[in-house]
Amino acid sequence: MIFKANGHEIVVNTPTKAALLSAVSERFAQAQGFAIATINLDHLVKLDACEHFARAYSAQDIVVADGNPIVWLSRLARRPVSLVPGSEMVLPLAELAAEKHIKVALFGSTKESLAASAQALQNKVPELEISCQIAPPMGFDPESDAAADMLTELEASGAGLVFLALGAPKQEAFAARGRTLVPSLGFASIGAGLDFLSGAQHRAPKWVQAIAMEWAWRAAQAPKRLVPRYLHCFAILPRLLFNAFCLR
């Protein structure tokens, strides 16, 4: 599945969870870095609005579908991909890292959430080694000198995989910069994944997820913040539907 934004092509190039884990396993085996992005409608809105974000996204090595609309558009385009939510990939990636003896770092969120996430991860994956936890300050700029220093710190920790919980577009921009400055590191942009793991945030009930209405459940929890976001997402759907049909 291909999306175009600000002169850049964004390709959902990893269609399933199994393909994602296989690609990461191969990178681990070859001691090569990577960046994982999880595309959804909100990201597409931001990609249209910001060329810098589109450039950072095009630098991601592995892109999966993090939203049912992306899956439905891929089917319309006859280039089907499966739903691979970033928040649900934290534990599988942690298990893979532990199996391959790869150290993990946690980056983003808050110190309290990172500590709780680290404890939850190690309870579920006892063999996992967490080498570093960094909660950047408010107003963190992925392009700043401080961000470069943090990338150096992550590399020095011996981590091979960094879970990025900054939210878009900061996490993708930080990962893209990391691919240049510390190319041996792997980055997984997982948004609220660590907060879900720590209990700082809660996902919709399983039955809500099963009927593809998680967006409505989330909007009901924070209407002032999320209703405008989802309205922007709905506004771009006609164009995306047309583009997907043209890919057939």
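Guide: Before we start, helices (H or I, at least four residues) and strands (E, at least two) are DSSP runs, counted from the N terminus. This is a predicted model, in which local features need pLDDT of at least 70 and side-chain atom pairs count only at pLDDT 80 or more, while totals for chains, interfaces and linings use all residues. Residues are numbered from 1 along each chain as its sequence is written, and side-chain values use heavy atoms, with hydrogens and water left out.

Visitor: Which residue just after helix 1 takes a positive phi?
Guide: Helix 1 itself has 13 residues and reaches 18 Å from its first C-alpha to its last, close to the 18 Å expected at 1.5 Å a residue, where the expected span is 1.5 Å times one less than the number of residues. Just after this helix the backbone takes a positive phi of about 55°, and the residue that does so is Ala 31.

Visitor: Around helix 1, how wide an arc do the buried residues cover?
Guide: Buried means under 20% relative accessible area, exposed over 50%, and partly exposed in between (1.4 Å probe, protein chains only). In helix 1 the residues Leu 20, Val 24, Ser 25 and Phe 28 are buried. They lie on the same side of helix 1 because their arc, taken from the directions from the helix axis to the C-beta atoms, is only 130°.

Visitor: Which residues are exposed on the other side of helix 1?
Guide: The buried residues of helix 1 are covered by elements that include strand 3 (34-39), strand 4, helix 5 (90-99) and strand 7 (159-165), contact being heavy atoms within 4.5 Å. On the other side of helix 1, the exposed residues are Ala 18 and Ala 29.

Visitor: Which residues are linked with Asp 61 in a network of salt bridges?
Guide: A salt bridge is a side-chain nitrogen of Lys or Arg within 4 Å of a carboxyl oxygen of Asp or Glu. Asp 61 meets Arg 27 in one such bridge, at 3.9 Å from N to O, and this pair links distant parts of the chain, with Arg 27 in helix 1 and Asp 61 in the loop between helix 3 (51-58) and strand 4 (62-65), 34 residues apart. Asp 61 also forms a salt bridge with Arg 179, the closest N and O atoms being 2.8 Å apart, and here Arg 179 in helix 8 (residues 170-181) is 118 residues from Asp 61. The network therefore joins Asp 61, which is partly exposed at 23% relative accessibility, with Arg 27 and Arg 179.

Visitor: How many residues apart are Asp 42 and Lys 46?
Guide: These two residues form a salt bridge whose closest N and O atoms are 2.6 Å apart. Asp 42 is buried, with a relative accessible area of 14%, whereas Lys 46 is partly exposed, with 23%. Both lie in helix 2 (residues 41-49), and the separation, about one turn of the helix, is 4 residues.

Visitor: Which strands stand at the edges of the open sheet?
Guide: The open sheet is formed by 6 strands in the order 4-3-8-7-5-6, with parallel pairing, where two strands pair if DSSP finds at least two bridges between them. Each edge strand has a single partner strand, so one side of each is left without a neighbour in the sheet, and these strands are strand 4 and strand 6 (130-134).

Visitor: Which residue in strand 8 is the bridge partner of Leu 161?
Guide: Strand 7 and strand 8 (residues 186-189) pair in the parallel sense over 4 bridges. The bridge partner of Leu 161 is found in strand 8, and that residue is Gly 186.

Visitor: Along strand 1, which residues point to one face and are buried?
Guide: In a regular strand the side chains alternate between the two faces of the sheet. Strand 1 alternates in this way, with Ile 2 and Lys 4 pointing to the face where they are not buried, while the buried residues on the other face are Phe 3 and Ala 5.

Visitor: In the hairpin of strand 1 and strand 2, which residue takes a positive phi?
Guide: Strand 1 and strand 2 pair in the antiparallel sense over 4 bridges, and Ile 2 stands opposite Val 11 in strand 2. The hairpin has 2 residues between the strands, and the residue with a positive phi near 55° is Asn 6.
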